[in-house]
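Work through the exercises below with the model open beside you. Each task is followed by a solution in steps.

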Amino acid sequence: MAAPVLEVSHLTKKYPKLTALEDVSVSIDAGEIFALLGPNGAGKTTLIGAICGLVRKTSGSIKLLGVDLDHDAITPRRDVGLVPQEINFDPFFSVRESLDLQLGYFGRPPDRARVDELLEALSLTSKADQPTRALSGGMKRRLLIAKALVHRPKLVFLDEPTAGVDVELRRDLWTYVRKLRSEGTTVVLTTHYLEEAEELADRVGIIDKGKLLLLEEKKALMKRLGERRLEVKLRDPVATIPDGASAGTLSDDRRTYVFVERAGTPSCADVLGALYAAHLPVAEVSMAPSKLEDVLIRVLRGNGGVS
Ligand SMILES: Nc1ncnc2c1ncn2[C@@H]1O[C@H](COP(=O)(O)OP(=O)(O)OP(=O)(O)O)[C@@H](O)[C@H]1O
Ligand SMILES: [Mg+2]
């Protein structure tokens with residue numbers, strides 16, 4: 001198997017009054033979309049900063065594209081792109097100039113075709129010659145994304161890439177991130193829009209107070225901690241529920257039956273089968289899966305980490 005694109009081992013970052021990262025270890029494979037989730041102040045930006053050279057680690061090691069950053073902090077970072085959480089560009093350059101400059105910073109030759117492609121993909125073509133200070137907030141964020149990608153990095157960090165961005169652009173970005181992955185780019189994403197992580201991520205890491213609480217494939221996580229809620233409306237009130245459906249409850253008026261499936265047994269199908277077998281007067285059935293959001297809340301409350 002190919003070596004991981006990123007290997008963080010026992011990384012700790014201490015500020016004088018606070019430990020922002022505590023013994024964090026994570027390994028990211030080529031071509032995956034990894035979502036780093038956690039509340040404000042959890043340590044997400046600090047972790048990205050330590051990898052990208054914006055934060056000095058206290059201890060631990062970081063291997064980027066197979067190179068330990070303690071041995072060479074410059075070469076591997078040339079293949080990394082970062083969309084920072086804070087907007088930070090020189091307001092006097094035009095959109096196109098700031099992309100041209102970015103290529104230069106990364107030691108790449110001018111590449112008009114690449115710049116045009118990104119301007120187009122991020123709907124900035126009509127703004128190409130405007131000074132960046134004349135962009136709206138959402139446009140500035142798009143330019144940040146273009147800047148992070150212009151040198152075709154192998155690994156991209158998107159730190160809240162869609163904060164303050166409208167829904168339509170957010171969807172365009174999701175499409176673009178998927179395209180990046182299909183081209184083999186590895187993406188690490190932080191977001192407070194859990195819908196975004198649910199949509200894009202292959203794997204999820206949950207961090208809180210500097211500690212990584214959980215690291216898991218999204219699908220496995222949803223299966224392990226996700227719940228499904230089954231609600232059955234009955235035409236007439238019923239006196240009792242059959243044995244096979246005893247894991248659920250009847251409403252006070254005895255006309256609504258609710259069951260929550262956790263980790264598969266019994267399943268919604270089992271319970272529903274028991275209701276039908278007992279000839280209950282079923283009028284309407286609805287089922288809703290839980291969202292990544294519910295799973296995150298459960299993990300942060302301390303019931304859901306890997307034992
Ligand atoms: N330069 C600094 N000096 C002292 N403490 C800092 C510094 N930078 C960050 N911190 C603290 O480190 C902790 C982690 O911050 P970080 O920015 O990594 O959180 P985050 O998970 O990115 O949060 P958010 O979701 O709000 O972006 C916070 O408690 C923050 O106040
Ligand atoms: Mg942050």
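**Exercise 1. The core around Ala35**

Task: Leaving aside neighbours within four places in sequence, find the residues in contact with Ala35. Then place Ala35 in its nonpolar core.

Solution.
- Start at Ala35 in this predicted model. Beyond four places in sequence, Ala35 contacts Leu189, Thr191, Ala197, Leu200, Ala201 and Val204.
- Next, take the core. The largest nonpolar core holds 61 residues. Ala35, Ala146 and Leu189 have the most contacts inside it.
- Ask which helix contributes most. Helix H4 (residues 137-149) does, giving six residues to this core.
- Look beyond this core. Another core, of eleven residues, lies apart from it; Leu230, Phe259, Leu275 and Leu280 are among its members.
- Keep the general rule in mind: in soluble globular proteins, nonpolar side chains tend to be buried together.

**Exercise 2. Ala146**

Task: Decide whether Ala146 is buried or exposed, and list its contacts beyond four places in sequence.

Solution.
- Locate the residue: Ala146 sits in helix H4.
- Count its neighbours. Ala146 has 23 C-beta neighbours inside 10 Å. The cut-off for a buried residue is 20 or more, so Ala146 counts as buried.
- List the contacts. Leaving aside neighbours within four places, they are Leu99, Leu118, Leu119, Leu122 and Leu124.
- Add one distance. The C-alpha atoms of Ala146 and Val95 are 9.7 Å apart, with their positions 51 residues apart along the chain.

**Exercise 3. The shell around ligand 1**

Task: Which residues surround ligand 1, and which element gives the most to the shell?

Solution.
- Collect the shell: Tyr15, Leu18, Ala20, Gly38, Asn40, Gly41, Ala42, Gly43, Lys44, Thr45, Thr46 and Gln85.
- Sort by element. Strand S2 (18-28) and helix H1 (44-52) each give two or more residues. H1 gives the most, with three.
- Sort by class. The shell has four nonpolar, seven polar and one charged residues.

**Exercise 4. Helix H1 and Gly49**

Task: Why is H1 described as largely enclosed? Examine Gly49 as one of its residues.

Solution.
- Count the buried positions. Eight of the nine residues of H1 are buried, so the helix is largely enclosed by the rest of the structure.
- Name them: Lys44, Thr45, Thr46, Leu47, Ile48, Gly49, Ala50 and Ile51.
- Check Gly49. It has 22 other C-beta atoms within 10 Å and is therefore buried.
- Find its contacts. Beyond four places in sequence, Gly49 meets Leu54 and Val55.
- Measure across the chain. Gly49 and Asp159 are 110 residues apart in sequence, and their C-alpha atoms are separated by 9.9 Å.
- Finish past the helix end. Just after H1, Gly53 has a positive phi of about 90°.

**Exercise 5. The buried face of H9**

Task: Where do the buried residues of H9 lie around its axis, and what do they pack against?

Solution.
- Pick out the buried residues of helix H9 (residues 292-300): Leu292, Val295, Leu296, Val299 and Leu300.
- Look down the axis. These residues fall within an arc of 130°, so they line one face of H9.
- Identify the partners. The buried residues pack against strand S3 (33-37), helix H6 (194-200), strand S9 (203-208), strand S10 (211-217) and helix H7 (218-225).
- Step past the helix. Gly302 follows H9, with a positive phi near 95°.

**Exercise 6. Positive phi outside glycine**

Task: Compare the settings of His10 and Leu65. Which burial class does each have?

Solution.
- Recall the background: most residues other than glycine have a negative phi.
- Take His10. Its phi is positive, near 50°. His10 lies in strand S1 (residues 6-15). With 11 other C-beta atoms within 10 Å, His10 is exposed.
- Take Leu65. Its phi is also positive, about 50°. Leu65 lies in the loop between strand S4 (59-64) and strand S5 (67-68). With 19 C-beta neighbours inside 10 Å, Leu65 is partly exposed.

**Exercise 7. The whole chain**

Task: Describe the chain by its elements, domains and contacts.

Solution.
- Count the elements: nine helices and 14 strands.
- Split the chain. The domain assignment gives domain 1 (6-222) and domain 2 (227-289). Their C-alpha centres lie 45 Å apart.
- Box the C-alpha atoms. Along the principal axes they fill roughly 75 × 45 × 40 Å.
- Assess burial. Of the 307 residues, 36% are buried.
- Assess contact range. Among contacts with a separation of 6 or more, 67% join residues 24 or more positions apart.

Note on methods: Residues are numbered from 1 along each chain as its sequence is written. Chains are lettered from A and ligands numbered from 1 in the order in which they are written. This is a predicted model: local features need pLDDT of at least 70, side-chain atom pairs count only at pLDDT 80 or more; totals for chains, interfaces and linings use all residues. A residue is near a molecule or strand if its C-beta atom, placed from the backbone, lies within 6 Å of it. Helices (H or I, at least four residues) and strands (E, at least two) are DSSP runs, numbered from the N terminus. Ala, Val, Leu, Ile, Met, Phe, Trp, Tyr, Cys and Pro count as nonpolar, Asp, Glu, Lys and Arg as charged, and the others, Gly among them, as polar. Domain bounds come from an automatic or database domain assignment. A residue is buried if 20 or more other C-beta atoms lie within 10 Å of its own, exposed if 12 or fewer, and partly exposed in between; C-beta atoms are placed from the backbone. The arc is that of the directions from the helix axis to the C-beta atoms. Two residues are in contact if their C-beta atoms, placed from the backbone, lie within 7 Å. A nonpolar core is a set of buried Ala, Val, Leu, Ile, Met, Phe, Trp, Tyr and Cys residues joined through C-beta atoms within 7 Å.
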